[in-house]
Amino acid sequence: MADKQIVVLAGDGIGPEVTTWAKKVLSHIGEQYGHSFEFSEQLIGHAAIEATGSPLPDDTLAACKGADAILLGAVGDPRYDNDPSAKVRPEQGLLKIRKELGLYTNIRPIQIFEELAHSSSLKAELVSGVDILFFRELTGGIYFGQPRERSGDVAIDTMRYSKMEVRRIAEKAFKSAQNRRKVVHSVDKANVLESSRLWRETVNEVAKEYPDVQLEHMFIDNAAMQLIRYPKQFDVVVTGNMFGDILTDEASQITGSLGMLPSASIGDSVGIYEPIHGSAPDIAGQNKANPLATILSAALLLDISFDMKAESQGIIHAVDQVLKDGLRTVDIKDENTKPENILSTDAMGEAVLARISPLVTT
């Protein structure tokens with residue numbers, strides 16, 4: 001029997017292309033380190049709507065509830081973007097699975113591979129050495145609050161948070177900070193929003209339980225500015241659902257490409273691991289997509305869900321080596337990249353596999 005059961009939700013667009021390589025990397029790591037991973041393919045998003053009429057079929061949800069971890073590609077299709085009348089949408093599958101599995105924490109590391117510092121939207125000296133860990137609350141706030149309705153020319157969305165929801169994600173952020181640089185920035189809008197006042201009060205209460213961690217509060221508008229002005233000031237950032245959605249996409253530009261950023265959505269049991277980029281339908285099926293974010297998401301999976309630290313670092317080291325060797329996909333190339341070093345999805349996946357070192361025993 002396999003050591004671990006992993007459900008793969010390839011999803012839409014480039015999802016199947018990039019998850020293929022994350023699976024191959026996990027299998028290779030398993031061979032090198034003596035693990036056995038069993039993969040089960042399930043549907044989500046537009047692919048699921050086409051096949052079953054639902055963005056999250058019951059079979060998919062059941063499989064995910066029985067898994068040790070879940071690897072997700074991408075969800076979304078452009079045919080829904082300009083159709084406000086569509087009642088069933090691919091993204092509903094994502095929101096539902098997060099709620100059903102209790103995945104209340106989204107973790108997004110923003111780290112710079114030094115070889116790509118020049119690709120950032122910011123000056124290299126500003127981003128070199130950046131290492132930020134975002135904790136975004138994922139199942140509350142304005143994306144889930146009720147009432148949520150539209151009547152004629154009036155639309156209503158409700159931002160709602162409970163003390164329990166804030167406390168549980170704040171605790172995860174502070175615990176993580178204890179193993180890092182011991183600084184937490186909590187981002188809210190407490191000068192305007194009542195829900196943010198509750199957020200700030202609760203984070204202050206949690207902070208008292210972690211006296212070795214420095215807490216800084218920051219309004220969302222200032223945080224957005226500071227992230228561009230001086231990103232190295234941040235260590236751990238904890239914030240609500242919508243603010244976290246916006247800030248982490250902004251932070252992605254620090255690294256130079258969405259194609260380099262993994263993420264984890266976790267609760268108290270199973271977790272989902274996925275790249276933060278979208279389904280990129282414009283390049284789907286063309287063997288152009290960057291698989292590195294999905295491969296790095298597999299490294300997060302090993303680290304967080306399976307506590308396989310060495311195996312996770314083996315993947316990260318292989319990705320780092322690929323970049324040091326000058327290999328690039330089209331989204332991270334620059335004017336100095338040699339044409340022969342611009343790789344397809346498959347070629348980049350093979351390059352990472354070739355650089356995963358075998359287990360060294362003494």
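Buried here means under 20% relative accessible area. Keep that cut-off in mind as you go round this structure, which is a predicted model.

**Stop 1: strand β8**

Select residues 183-188, which make up strand β8. How many of its six residues are buried? Six of the six are, so by the under 20% cut-off the strand is mostly covered. Now colour the two faces separately. In a regular strand the side chains alternate between the two faces of the sheet. On one side of β8 you will find Val183, His185 and Val187, and on the other Val184, Ser186 and Asp188; both faces are covered.

**Stop 2: the partners of β8**

Add residues 214-219, strand β9, to your selection. β8 and β9 run parallel and are joined by six bridges. To see one position in this pairing, click Val184 and look across to Leu215 in β9.

Next bring in strand β10, residues 236-239. This strand also pairs with β8 in the parallel sense, over four bridges. Which residue of β10 is the bridge partner of His185? It is Val237.

Finally, show helix α7, residues 194-207. Together with β8 and β9, this helix makes a β-α-β unit, and the unit is right-handed.

**Stop 3: aromatic pairs**

Switch on the side chains of the aromatic residues. The whole structure holds three aromatic pairs, and two of them are on this tour. Begin with Tyr161 and Trp199: their ring centres are 5.4 Å apart and their planes meet at 70°, so this pair is edge-to-face. Tyr161 lies in the loop between β7 (154-158) and α6 (163-178), while Trp199 belongs to helix α7, 38 residues apart, so to speak of the chain, and the pair links these distant parts. Both Tyr161 and Trp199 are buried.

Move on to Phe174 and Tyr210. Here the rings are stacked, at 5.5 Å centre to centre and with 25° between the planes. This pair, too, links distant parts of the chain: Phe174 is in helix α6 and Tyr210 in the loop between α7 and β9, 36 residues apart. Phe174 and Tyr210 are both buried.

**Stop 4: charges over rings**

Keep the rings displayed and select Lys99 with Phe144. The charged end of Lys99 sits over the Phe144 ring, 4.7 Å from its centre. Then try Arg168 with Tyr104, where the charged end of Arg168 sits over the ring at 4.0 Å from the centre.

**Stop 5: Ala177 in helix α6**

Go back to helix α6 and pick Ala177. Is Ala177 buried or exposed? It is buried, with a relative accessible area of 0%. Show what surrounds it: beyond the neighbours within four places in sequence, Ala177 is in contact with Lys182, Val183, Val184, Val213 and Val236. Two of these names, Val183 and Val184, were on your list for β8. For a distance check, the C-alpha atoms of Ala177 and Leu133 are separated by 8.9 Å, with their places 44 residues apart along the chain.

**Stop 6: helix α1**

End with residues 15-33, helix α1. Its 19 residues reach 27 Å from the first C-alpha to the last, close to the 27 Å expected at 1.5 Å a residue. Among its buried residues are Trp21, Leu26, Ile29 and Tyr33. The buried residues of α1 pack against several elements, including β1 (4-11), β2 (37-42) and α12 (345-354). Just after the helix comes Gly34, with a positive phi near 80°.

Definitions and conventions. Residues numbered from 1 in each chain as written. Heavy atoms only, no water. Buried < 20%, exposed > 50% of the residue type's maximum accessible area, 1.4 Å probe, protein only. Helix = DSSP H or I, 4+ residues; strand = E, 2+ residues; numbered from the N terminus. Pairing = 2+ DSSP bridges. Right-handed = clockwise from strand over helix to strand, strands pointing away. Phe/Tyr/Trp six-rings, centres within 6.5 Å; stacked < 30°, edge-to-face > 60°. Lys NZ or Arg CZ within 6 Å of the ring centre and 35° of its normal. Expected span 1.5 Å × (residues − 1). Contact = heavy atoms within 4.5 Å.
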